[in-house]
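Got your viewer open and a colour scheme you like? Then come along for a walk through this model, one selection at a time.

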Amino acid sequence: MTELVTFGETMLRLSPPDDERLETADQYTVRAAGAESNVAVAAQRLGLDAVWASKLPDSPVGRRVTGELKHHGVTVDIAWDDSDSARQGTYYLEQGSPPRGNEVIYDRRNASVTTATPSELPTDTIADARGFHTSGITPALSETLESTTADLLSLAQDAGTTTSFDLNYRSKLWTPAKARSVLTELFPAVDVLVVAERDANVVLDRTGDPETIARDLAAEYGFETTVITRGSDGALAVADGTVTEQPTFESTDAHPVGTGDSFVGGFLSQYLSGGTVSDGLAWGAATAALKRTIPGDIAVVSPDEVSSILSGDTEAISR
């Protein structure tokens, strides 16, 4: 039995070395990068049997994506696009130390994934899985994906598969009002919602402390578990009326991209394995802390490393 299926776009990320500017760089590091595949990799590396489903161009750049994900043990189930318009999405990341910040430039318009329909995707695997995960990025990419995301969430929930959804708002894709309109229509088919506190404020127009926001969302939409992530203030979850809080673990700010996805992957690695919400939050926070030390979007971590953080047994040098 597949334990987790994720669905969404994975791009190729091109980054100049160190703090080099994009306009002067003559070298780039290339890595796979996508919210749902990041979740799949983190969960797989922490013990879940994970599948990432998507649509990619039938080309060397499409295979570059799947090759990297397979390296981490994730099973890929791909609808291959061999049309003349087939396209692989990319993004450029310019990293900058203070007072500069990081700059992201997307080149993803009309990527092959934007035309993906349920008939091209592994619906039987989703129906048989323990969990199905996607994010608010996916329906923002096209009207087709808005419909596909809704269909897959409903199909999964109807089949008894636990559905999880990370709101994951991206202002470069749509406005808060448009996101609110689309995403709240998906919520009835979601069992586990993960949302950053700032997105709950801006996109869902929620006010109050995190516990109030989580309880109000759970009451309105019937979520089984509602997780509010709070950046450096940690995370909070409400499940069956019980509140669980989780602080962050000390880490660096060197590589923040992908931290939220790593948290979700760590959380699901325990939640879908029968662990408690407290277990999930702790593994999510520890995985996120490790990710911030690792270049790229993907959390290249192990269960032993996460366990060491949770036990406080970490060393500067492992001999």
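The stops below go from the sheets to the helices and then to the open spaces.

Keep in mind as you click that this is a predicted model.

**Stop 1: the nine-stranded sheet.** Show the strands as cartoon and look for the order β5-β4-β1-β8-β9-β10-β11-β12-β13, an open sheet of nine strands with mixed pairing. Colour 75-81 (β5) and 242-246 (β13) to mark its edges, since these strands each pair on one side only. Going from one strand to the next, the twist averages 15°.

Now zoom in on 225-229 and 235-239. These are β11 and β12, running antiparallel and joined by five bridges. Pick Thr-229 and you should find Ala-235 of β12 standing opposite.

**Stop 2: the helix on that sheet.** Select 259-271, which is helix α9, packed on the sheet. Which strands does α9 touch? They are β1 (4-7), β8 (131-135), β9 (162-166), β10 (192-196), β11 and β12. The direction of α9 makes about 150° with that of β11.

**Stop 3: the four-stranded sheet.** Next, find the open sheet with the order β3-β2-β6-β7, where the pairing is again mixed. β3 (29-33) and β7 are at the edges with a single partner strand each, so one side of each has no neighbour in the sheet. Here the twist averages 25° from one strand to the next. Select 11-15 for β2, which pairs with β3 in the antiparallel sense over five bridges. Show Arg-13 and Arg-31 as sticks: they are bridge partners, with Arg-31 sitting in β3.

**Stop 4: α2 and a threonine.** Helix α2 lies across β2 and β3, at about 75° to β3. Select 60-71 to see α2, then pick out Thr-66 within it. Is Thr-66 buried or exposed? Its relative accessibility is 5%, so Thr-66 counts as buried, the cut-off being under 20%. Leaving out neighbours within four places in sequence, add Leu-56, Val-76, Ile-78 and Trp-80 to your selection, as Thr-66 is in contact with them.

**Stop 5: what α6 hides.** Select 176-186, helix α6, and show the side chains of its buried residues: Ala-179, Val-182, Leu-183, Thr-184 and Leu-186. Then switch on what covers them, including α4 (137-140), α5 (143-158), β9 and α8 (210-221).

**Stop 6: the largest pocket.** Turn on the surface. The largest pocket holds about 1,300 Å³ of space. To centre your view, select Arg-170, Arg-198, Pro-256, Thr-259 and Gly-260, the residues nearest the pocket's centre among the 48 that line it. Which element gives the largest share of the lining? That's α9, with five residues. Colour the lining by class and you get 22 nonpolar, 14 polar and 12 charged residues.

**Stop 7: the second largest pocket.** Move on to Arg-108, Arg-109, Asn-110, Leu-141 and Leu-173, which lie nearest the centre of the second largest pocket, lined by 13 residues. Its volume is about 270 Å³. The lining divides into six nonpolar, three polar and four charged residues.

**Stop 8: the cavity.** Last, clip into the largest cavity, with about 40 Å³ of space. Residues to select from its lining include Glu-9, Thr-10, Leu-56, Arg-87 and Val-113. By class, this lining has four nonpolar, five polar and three charged residues. You've already met Leu-56 as a contact of Thr-66.

Methods
Residues numbered from 1 in each chain as written. Predicted model: local features only at pLDDT ≥ 70, side-chain atom pairs only at ≥ 80, totals over all residues. Heavy atoms only, no water. Pairing = 2+ DSSP bridges. Helix = DSSP H or I, 4+ residues; strand = E, 2+ residues; numbered from the N terminus. Axes fitted to C-alpha atoms, helices over the stretch in contact; angles between N-to-C directions. Contact = heavy atoms within 4.5 Å. Buried < 20%, exposed > 50% of the residue type's maximum accessible area, 1.4 Å probe, protein only. 1 Å grid on protein atoms, 1.4 Å probe; cavity = no way out; pocket = protein on both sides within 12 Å on 5 of 7 lines; lining within 4 Å. Points joined across faces, edges and corners; volume = space filled by probe spheres on them. Nonpolar A, V, L, I, M, F, W, Y, C, P; charged D, E, K, R; others polar.
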